[in-house]
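Please look over the sequence and the model shown here before reading on. The paragraphs after it move from the whole chain to single residues.

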Amino acid sequence: MEDSEKPVLPRIVTEVPGPKSRRLIERYRNIFGERGVPAIAVEKGFGCIKEDVDGNRFLDFAQSLCAVGFSNPDVIEASTGQLRRMIPRDKGAEALLGFTESVLSRLPGGLKEGRLNLVVSGSEAVELAVHLAREYTERPLILSYLDSHHGHVGTLFELSGELGIDVWTAKLSDIVHIPYPNCYRCPFNQEYPGCDMLCLGYIENIFETVARPDQFAGLLMEPVLLNGGVYIPPDEYMEGIMEICRENGIQFIADEVYSGMGSSGEFLAVNHWGITPDILCLGKAMGGGYPIAAVATRREITDETRGGVAFTGTFAGNLVGCAAGKATLDYIDENDLIRNAKDLGRYILKSLVSMSEGKESIGDVRGRGLIIGFELVKDKSTKEPATEEALSVTRRAMGEGLLLRRYGRYRNVLIMTPPLTLSREQADVALEIIEKVVK
Ligand SMILES: Cc1ncc(COP(=O)(O)O)c(C=O)c1O
């Protein structure tokens, strides 16, 4: 089938999940138990569409790995070409150097001349970022946010018996959690903008009561809180946080594992505020679907620490991933996909805001580019979370051919992160389905 003939719209031909999916899901259960049981069994994907083994097609708004769509022809060509040449890492390979130069050239400010450290997963990227901040500043503490998600590894450095590794090691007691600026459910019961930025003031409070600012190595932040329910900090907050970091020598560590690679309508979400992080974590869509992740730092942070090594882990810098990642970046440029994410994101956001006016259950709509969330509540005035309703909306939407994901503290925020290749027609179909399945 020519790419131009590939289906772009959902099509439901059986009950969902269909009979073939159910058989595969049963096999999954036999192996993995009840953890993370898939809702459908996917056979293939093209663009923003996933097709299951029963022939049902879904618009995938729940993905986070393929910025340029599933089975992107350029990514396939680049990665299969590389598969034939050389699979694992080779430090002098054009595929590796071309890709990493291309990543660096897109970073803001001094990070362009900074250093990259390659790892395999987003979790490893964040782990390494925190180690680098600690070792560079020779300070133990890290500020991190409540409701954030940064990954799944953590004790491996402590478990390793190598000499000197204790310099970097994180103890849970070395982490101080602060509330994320959440203007819909303000932790201080305030209304933005008349709130005096109490969430910023809280940090000063920590410095007076918990530990001195010069004991903090870094502040780790998702500039758009994704798994926590799509929250976008006000401009004053970001200005204030950068000032606190600058004044106190605290390294600003941006976790853009999810929000990077153009989905926010800028290459990085921090670009919305003109911020250059000291340390930046990238992953997920970076490798075009292959496991590639990275930590970029100001040059001296990597050069002056033992933790800063070009490749952490046996699989870091896999050449097929590099080739797929480079093809992804080129495809984004050639097709102006970041602009598409910005424009379509605005359109979807605006449409959802007007939809929410006629719907009792949509309490709030938030987003930047093609990172969009809408929060379901039982009552708009009390904001009581509608957790069960959110689950039922994801099921009904799937039955109509739209895959959504449920995030947030109360699992009542439906989030959408479709590939950046999304078209206006696909956005309209998704909006029609949401209109139909949300009360
Ligand atoms: C913001 C953020 N950081 C880090 C991670 C961890 O990445 P990985 O699952 O590749 O280890 C995730 C994964 O969802 C994430 O969303």
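What follows describes a predicted model, beginning with its overall dimensions and ending with a few backbone details.

The protein chain has 439 residues, and its radius of gyration of 22 Å agrees with the value near 22 Å that a compact globule with this number of residues would have. Along the principal axes, the C-alpha atoms fill a box of roughly 60 × 60 × 45 Å, and 47% of the residues count as buried. The secondary structure comprises 12 helices and 16 strands. When contacts between residues at least 6 apart in sequence are considered, 77% of them join residues at least 24 apart.

The domain assignment divides the chain into domain 1, made of residues 3-71 + 336-437, and domain 2, made of residues 75-334. The centres of these two domains, taken over C-alpha atoms, are separated by 26 Å, and 29 residues of domain 1 are in contact with 31 residues of domain 2. On the side of domain 1 that touches domain 2, at least two residues each are supplied by α10 (337-357), β11 (362-368), β12 (371-379) and β16 (413-416), with α10 giving the most, namely 5 residues. By class, the residues on this side of domain 1 divide into 14 nonpolar, 8 polar and 7 charged.

The domains can also be followed through the interior. The largest nonpolar core contains 120 residues, and those that touch the most other members are Ala125, Ala129, Ala294, Val295 and Leu402. Helix α9 (residues 319-334) provides the largest share of this core, with 9 residues. Because domain 1 and domain 2 both give residues to the core, it lies between them. In soluble globular proteins, nonpolar side chains tend to be buried together. Ala294 illustrates how this core is connected, for beyond its neighbours within four places in sequence it is in contact with Val103, Leu116, Asn117, Leu118, Val119, Ala125, Leu282 and Met286.

Leu403 offers another view of the interior. This residue belongs to strand β14 (residues 402-403) and counts as buried because 22 other C-beta atoms lie within 10 Å. Leaving out residues up to four places away in sequence, Leu403 touches Lys50, Phe58, Leu59, Asp60, Phe61, Ala62 and Met398. Ala310, by contrast, is 93 residues from Leu403 in sequence and 37 Å from it in space, C-alpha to C-alpha.

The ligand is surrounded by 15 residues, of which the closest are Ser121, Gly122, Ser123, Gly151 and Val257. Helix α4 (residues 122-137) gives the most to this shell, with 3 residues. The shell consists of 4 nonpolar, 9 polar and 2 charged residues.

Finally, several backbone details deserve inspection. The peptide bond joining Val16 and Pro17 is cis, with omega about 0°, and Pro17 is found in the segment before α1 (19-32). A cis bond also runs from Tyr192 to Pro193, with omega near 10°, and Pro193 is placed in the loop between β6 (175-178) and α6 (198-209). Asn189 also has its place in the loop between β6 and α6, and although Asn189 is not a glycine, its phi is positive, at about 55°. Asn189 counts as exposed because it has 8 C-beta neighbours inside 10 Å. Lys383, in the loop between β12 and β13 (384-385), likewise has a positive phi, near 60°, in a residue other than glycine, but Lys383 is partly exposed, with 16 other C-beta atoms within 10 Å.

Conventions:
Residues are numbered from 1 along each chain as its sequence is written. This is a predicted model: local features need pLDDT of at least 70, side-chain atom pairs count only at pLDDT 80 or more; totals for chains, interfaces and linings use all residues. A nonpolar core is a set of buried Ala, Val, Leu, Ile, Met, Phe, Trp, Tyr and Cys residues joined through C-beta atoms within 7 Å. A residue is buried if 20 or more other C-beta atoms lie within 10 Å of its own, exposed if 12 or fewer, and partly exposed in between; C-beta atoms are placed from the backbone. Helices (H or I, at least four residues) and strands (E, at least two) are DSSP runs, numbered from the N terminus. Domain bounds come from an automatic or database domain assignment. Two residues are in contact if their C-beta atoms, placed from the backbone, lie within 7 Å. A residue is near a molecule or strand if its C-beta atom, placed from the backbone, lies within 6 Å of it. Ala, Val, Leu, Ile, Met, Phe, Trp, Tyr, Cys and Pro count as nonpolar, Asp, Glu, Lys and Arg as charged, and the others, Gly among them, as polar. The radius of gyration is taken over C-alpha atoms; the globule rule is 2.2 Å times the number of residues to the power 0.38.
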